[in-house]
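Hi everyone, thanks for making time this morning. I'd like to walk you through a ligand site, so let's get the picture up on the screen.

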Amino acid sequence: MTLFRLDASIRVEDSRSRELADIVEREWLTANPDAGVIRRDVGTQPIPSTAWGTAAFAGYTPEADRTADQREAVRRATELADELLAADAFLFAVPLYNYGVSQHFKSWVDIIITDPRFNPAEPPAIAGKPAILVTVHGGYYAEGTPRHGWDHATPWMQRILAEVWGLDLNTVVSELSLVGVNPALDEFKDLASTLRADAENRARELGRRLTTSSASR
Ligand SMILES: Cc1cc2nc3c(=O)[nH]c(=O)nc-3n(C[C@H](O)[C@H](O)[C@H](O)COP(=O)(O)O)c2cc1C
């Protein structure tokens, strides 16, 4: 059994998304003591943002005519796609940045989609496998809040992971992580503690169940 884990936080110290992903991973390793973990950290080692364009155009260029850059971009796309194909379960830890999807996560998705095995027009190669998306918001976007609807990242990530790639996806959302950091949010201290505990419990519970897809749970 192999778990694929992707981290996209641009920091390592005090990263809430990494902490939640650690909870999931611990549960997975408890249930699968002999399992392997494939790690891809696009937060600290980003895929160059030009790589996907180069790989995409390489796809329209006969192999013999490809430039060195195109060959390198295709090699990178193949390596990243191979990591996904080698896994039985998936864990993605991606924070919200500037109300949208992390550019590092998007660059990673874009280059993988250039690999013919992840062509969205074909049946997805990893469909039906269990997956968890952990996402963290510094602010608060629940229904009834002034910025409800401003999280433009989670719906896109779910669209790609659950619909384009067909993963059997559950999501953990942890909000108000900037309480204690941004004094303007001090009034939300108690709510932030509750939301944090809820997210940790959900990560634990979903991590425990990650081994199997919902169809066989
Ligand atoms: C450059 C930057 C932009 C951010 N933009 C948003 C944002 O638009 N909305 C939000 O709720 N939080 C935003 N945050 C806060 C992060 O989502 C929050 O700090 C989260 O905990 C980061 O994940 P991490 O703890 O795993 O590093 C931003 C943080 C940074 C560093």
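Let me start with a question for the room: which residues come nearest to the ligand? They are Ser9, Arg11, Ser15, Ser17 and Ser177, out of 17 residues around the ligand. Please keep in mind that this is a predicted model.

By class, that shell divides into 7 nonpolar, 8 polar and 2 charged residues.

Now for the polar contacts. Ser177 comes up again here: an N or O atom in the serine 177 side chain is 2.7 Å from a ligand oxygen. The backbone takes part too, with a polar backbone atom of glycine 139 lying 2.8 Å from an oxygen of the ligand. For valine 136, a polar backbone atom is 3.5 Å from a ligand oxygen. And how much of the ligand is covered? Taken alone it exposes 620 Å², and the protein buries 78% of that.

Let's step back to the pocket. The ligand sits in the largest one, which has a volume of about 590 Å³. Among the 26 residues lining this pocket, His137, Gly138, Gly139, Tyr141 and Leu178 are the closest to its centre. So you meet Gly139 again, the residue with the 2.8 Å backbone contact. The lining as a whole has 13 nonpolar, 10 polar and 3 charged residues.

That's my tour, and I'm happy to take questions!

Methods:
Residues are numbered from 1 along each chain as its sequence is written. This is a predicted model: local features need pLDDT of at least 70, side-chain atom pairs count only at pLDDT 80 or more; totals for chains, interfaces and linings use all residues. Side-chain values use heavy atoms; hydrogens and water are left out. A residue is near a molecule or strand if one of its heavy atoms lies within 4 Å of it. A polar contact is a pair of N or O atoms within 3.5 Å; within protein, one must be able to donate a hydrogen and the other to accept it, and residues adjacent in sequence count only if both atoms are side-chain atoms. Accessible areas come from the Shrake-Rupley method with a 1.4 Å probe; for residues, only the protein chains shown count as cover. On a 1 Å grid over the protein atoms alone, a cavity is a set of points where a 1.4 Å probe fits but cannot get out, and a pocket is an open set with protein on both sides within 12 Å along at least five of seven lines; lining residues have an atom within 4 Å of a point. A molecule sits in a cavity or pocket if more than half of its atoms lie within 2 Å of its grid points. Ala, Val, Leu, Ile, Met, Phe, Trp, Tyr, Cys and Pro count as nonpolar, Asp, Glu, Lys and Arg as charged, and the others, Gly among them, as polar. Grid points are joined across faces, edges and corners, and a volume is the space filled by probe spheres set on the points.
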